[in-house]
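Please look through the sequence and the three-dimensional structure shown here, and keep both at hand while reading the report that follows.

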Amino acid sequence: MKLKQLVAAGAIFSSASFANAAAQNSEFVVEDIRVEGLQRVALGAALTYLPVQVGDELNTFRVTQLIRSLYSSTHFENVEILRDGNTLVVRVAERPTISNIIFEGNDDIKDEQLQESLDGNGVRLGEPLDKTVLTSIENGLKDFFYSIGKYNADVTAIITPLPRNRVDLKLLFEEGDAAKIQQINIVGNEIFTDAELMDQFELQFDTPWWDFLSETRYQQQTLQGDMESLRNHYLDRGYLRFNVDSTQVSMTPEKSGIYVAMNVSEGEQYTISEVELVGDVLGHEEYIQRVLPLTPGELYNQAEVTYTEEFISKYLGRFGYAYPTVTTVPNINDEDKTVKLTLSVDPGKRIYVKRIKFNGNVVTADNVLRQNVSQMEGTWLSNNLLESSKNQLSRLTYMEEVEFETIRIPGQDDQVDVNFNVKEQPSGSFNAGIGYGDQTKLSLQAGIQQDNFLGTGKRVGLNLSTVSYQRSAQITYNDPYFTIDGISLGGSLGYSEFDGSDFNVIQYNSKQWSVGANVGYPINEFNRINFGLTYSNVELYNRGYYEQTEQFYNQFLDGDDPDAPIKYHSYLASVSWSRSTLNRGLFPTAGSSQRASFSITTPNSDVNYFKTLFDGKWYFPLSRNQRWSVLARIRMGYGNGYGDVDGNEQILPFTENFTAGGSDSLRGFENNTVGPRGIIRSPSGSLTGPDGEVYPTDPIDDVITLSSRSLGGNAMALGGLELIVPTPFVEADMDNSVRTSLFVDVGNVWDTEFDYDQYKDFSQSSTQYGSLVDYSDWSLYRSSAGISVQWISPMGPMVFSFSRAIQEREGDDAKFFTFNIGQTF
């Protein structure tokens with residue numbers, strides 16, 4: 001029988017044409033169904049979209065349903081309905097499958113954001129391409145660019161056919177330059193000047209070249225925020241009727257510049273006549289009334305109103321009322337320019353925590369994270385405890401990001417689950433370093449440590465080193481949660497052979513083995529106290545002869561063999577206090593940390609001395625997103641001997657002296673080179689007497705020489721400032737993994753016990769390494785400046801820095817650059 005076309009492919013089925021076919025006896029009972037044109041879609045799947053079965057009578061209405069059903073399946077871009085006798089023929093053309101998606105020319109939108117947008121529209125790899133949605137995607141992206149001032153931007157979707165009904169989809173972006181703000185005019189302001197109001201704006205115009213923090217590119221969202229800031233500026237000063245009447249944004253003909261005009265009505269100032277607290281505040285009316293900043297007779301202040309609402313909400317949240325409603329209702333009296341504030345409080349139901357879950361922790365065990373969470377399951381939900389838990393988790397060095405969310409349980413209006421979403425970062429480090437200095441040239445070092453051993457949160461270190469100045473082996477262990485109360489327990493065992501001259505200190509060699517243990521007690525969320533005891537056995541040999549070390553050596557020397565090695569042992573007890581309010585364990589941008597320690601050898605030791613040390617860091621964010629921040633650092637130390645042993649007055653062993661220079665103190669100087677030099681005293685010659693005997697010259701004629709290496713000192717003061725800046729060519733979401741900073745370091749090391757004045761009249765053989773006063777005067781500080789880049793790699797923390805001394809003296813060893821893997825930040 002002749003084929004009769006019932007319906008042509010298209011978006012709308014023509015009922016008239018089908019009626020004409022029906023007049024030719026086209027309505028029929030379907031005896032068979034044949035589908036043509038299938039490639040990727042299985043026949044069985046295609047038949048499921050057909051609302052017609054064998055035995056059904058086909059008519060205009062049923063054909064309309066059939067076509068709509070096939071198009072709604074999203075698999076077909078063309079459909080034809082034909083009749084062959086009593087056989088229904090469905091001829092389809094499948095939509096092509098997306099083989100590849102390419103983004104080209106996009107700078108302001110990341111590929112990940114674009115893909116999320118496409119996913120929301122059903123455009124993804126392996127799925128059929130619906131060409132009808134591409135236009136809306138193009139327009140939506142153009143609208144985004146217009147909102148950030150790129151009015152010349154264009155987005156084009158390019159489809160490239162491939163074999164087997166596949167296509168490549170390319171989104172080609174031509175962003176162009178963003179329109180810059182030429183001028184912002186505020187019309188109607190009389191109380192505040194334009195300059196005062198513009199200080200409230202993030203958008204700026206006509207800024208000086210050095211103001212690189214200002215935003216001169218027009219962005220619609222930023223303008224909305226600036227309008228809100230302008231409104232808050234007036235409301236915070238009592239202008240309750242202030243209003244932005246209209247805003248006009250116009251552009252230059254070439255679409256490169258933007259003019260913004262705002263028409264405002266300032267109104268008059270209003271004072272608070274009365275503050276009334278209504279509703280249920282759970283019996284805490286007296287306390288809330290006492291701490292409220294809103295006072296009758298004072299000017300209305302919107303910031304204080306907002307603070308009051310937030311304070312009451314957070315205060316009730318401490319008692320488990322996590323979703324209170326606090327509303328301030330102003331009753332304005334325009335006649336006497338006063339306002340009555342009614343604070344309406346509805347605490348809602350007390351909310352309890354059913355379960356606490358952790359997401360994103362691949363390495364770290366749940367119980368390790370749970371040990372750092374203050375909020376407990378089965379207790380009421382506390383906003384304070386949740387924030388405290390987030391902060392404690394964020395301070396873990398193996399956590400990059402931590403966020404939490406509360407999820408209401410369906411059917412339960414008083415229970416929630418708390419989800420902590422974490423992102424881990426490498427917790428182990430392979431400690432290796434390369435450095436280059438003016439004096440020491442190339443230097444190398446190596447080691448390994450794991451801060452989250454097997455996901456247990458325990459710190460385990462095994463360091464084997466054979467660098468030029470040291471051969472050592474050390475095992476360290478620390479369990480931060482030895483007990484459920486947070487008491488920590490740790491220990492160490494080590495052996496080393498050390499060459500001082502290769503370490504940039506005076507000539508001596510040592511062998512030492514030690515064993516120690518420590519225990520820590522938490523005071524609260526921020527403070528902790530640690531106690532430790534370490535036994536050391538030290539052997540010194542291959543000594544250099546320096547005036548500063550003679551007193552220490554003399555108490556151990558063998559008169560028959562003055563060059564023999566000396567040995568001594570000590571028991572070092574220590575106590576330390578640490579405090580941290582940092583927002584992260586690594587790369588913090590806000591908060592502070594301090595640590596003070598005091599250590600002293602027990603009286604039964606061969607040497608009696610004490611040392612005290614203080615370290616402090618303070619971070620001050622400069623921008624809202626905290627990508628710009630200032631770090632202030634200070635480190636101070638002092639040590640000395642106490643009492644006497646076998647009649648020998650005790651001094652601080654020179655092996656315990658403070659030194660400076662290097663990546664953890666004064667960058668720009670070689671490791672350990674800052675500090676007093678060793679004084680070498682030599683006779684100027686000899687005299688031959690009448691009897692032919694050789695006699696030494698008068699000691700007053702002796703000559704002194706300063707060693708090329710530092711001796712160190714018993715006092716130290718170091719400090720520095722760092723400007724933390726966004727890392728060039730690195731996205732903002734990588735700030736937790738990469739950090740760039742510009743720094744200035746300053747400080748000095750000196751000796752408060754050794755009398756340098758007794759040598760001031762001696763001749764100095766050379767000034768190559770400075771003069772005595774350079775190393776005895778604490779005020780003659782060193783300083784350096786440079787740039788540092790730190791990042792977290794799969795191998796652990798890394799540091800690369802360029803630095804240079806900006807105040808140095810003859811004899812100082814300046815350093816040009818360093819590169820370290822496993823460097824502690």
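Glu138 is buried and yet has no salt bridge in this predicted model; the nearest side chain of opposite charge belongs to Lys142, and that side chain is 5.5 Å away. Because a salt bridge requires a side-chain nitrogen of Lys or Arg within 4 Å of a carboxyl oxygen of Asp or Glu, the 5.5 Å between Glu138 and Lys142 does not qualify. Glu138 lies in helix 5, which covers residues 132-147, and, when residues up to four places away in sequence are left aside, Glu138 touches Val155, Thr156 and Ala157.

**Salt bridges**

Although Glu138 has no such partner, the structure as a whole holds 24 salt bridges. Three of these pairs are set out in the table, each with the distance from N to O.

| Pair | Distance (N to O) | Places in the chain | Separation in sequence |
|---|---|---|---|
| Arg241 and Asp334 | 3.0 Å | loop between helix 7 and strand 11; loop between strand 14 and strand 15 | 93 residues |
| Lys357 and Asp417 | 3.7 Å | strand 16; strand 18 | 60 residues |
| Lys390 and Glu403 | 3.4 Å | helix 11; strand 17 | 13 residues |

Are the residues of these pairs buried or exposed, or do they fall in between? In the first pair, Arg241 counts as partly exposed at 42% relative accessibility, and Asp334 also counts as partly exposed, at 37%. In the second pair, Lys357 is partly exposed at 29%, whereas Asp417 is buried, with a relative accessible area of 13%. In the third pair, Glu403 counts as partly exposed, with 46% relative accessibility. Elsewhere, Arg34, Glu36, Asp84 and Arg91 are linked with one another in a network of salt bridges.

**A sheet of three strands**

The second and third pairs lead to an open sheet, in which 3 strands follow the order 16-18-17 with mixed pairing. Strand 16 (352-359) and strand 17 (399-408) stand at the edges, and each has a single partner strand, so one side of each is left without a neighbour in the sheet. From one strand to the next, the twist averages 20°. Strands of a sheet pair through backbone hydrogen bonds, and they do so either parallel or antiparallel. Here, strand 17 and strand 18 (residues 415-424) run antiparallel and are joined by 9 bridges. Within this pairing, Ile407 has Asp417 of strand 18 as its bridge partner, and the side chain of Asp417 also meets that of Lys357 in a salt bridge.

Helix 11, made of residues 383-394, lies across strand 16, strand 17 and strand 18, and runs at about 155° to strand 17. The salt bridge between Lys390 and Glu403 links this helix with strand 17.

**The largest nonpolar core**

Which residues touch the most other members of the largest nonpolar core? This core has 22 residues, and those with the most contacts to other members are Leu277, Ile288, Ile312, Leu341 and Val345. Two or more residues are given to the core by strand 13, helix 9 (302-317) and strand 15 (338-346), and the largest share, 5 residues, comes from helix 9. Leu341 can be followed further: residues up to four places away in sequence not being counted, Leu341 touches a list of residues that includes Ile272, Val275, Leu294, Tyr300, Val305 and Val329.

**Residues in loops**

Ala179 is found in the loop between strand 9 (166-174) and strand 10 (180-187), and Ala179 is buried, with a relative accessible area of 0%. Ala179 and Gly257 are 78 residues apart in sequence, while their C-alpha atoms are 4.9 Å apart in space.

Two other loop residues stand out through their backbone angles. Most residues other than glycine have a negative phi. Leu282, however, has a phi near 60°, which is positive, and Leu282 is placed in the loop between strand 13 (271-279) and helix 8 (285-291). Asn542 likewise has a positive phi, near 55°, and is found in the loop between strand 25 (527-541) and helix 12 (550-554). As for accessibility, Leu282 counts as partly exposed at 26%, and Asn542 counts as partly exposed at 45%.

Note on methods:
Residues numbered from 1 in each chain as written. Predicted model: local features only at pLDDT ≥ 70, side-chain atom pairs only at ≥ 80, totals over all residues. Heavy atoms only, no water. Pairing = 2+ DSSP bridges. Helix = DSSP H or I, 4+ residues; strand = E, 2+ residues; numbered from the N terminus. Axes fitted to C-alpha atoms, helices over the stretch in contact; angles between N-to-C directions. Contact = heavy atoms within 4.5 Å. Buried < 20%, exposed > 50% of the residue type's maximum accessible area, 1.4 Å probe, protein only. Lys, Arg positive; Asp, Glu negative; His and termini not counted. Core = buried A, V, L, I, M, F, W, Y, C linked by side-chain atoms within 4.5 Å.
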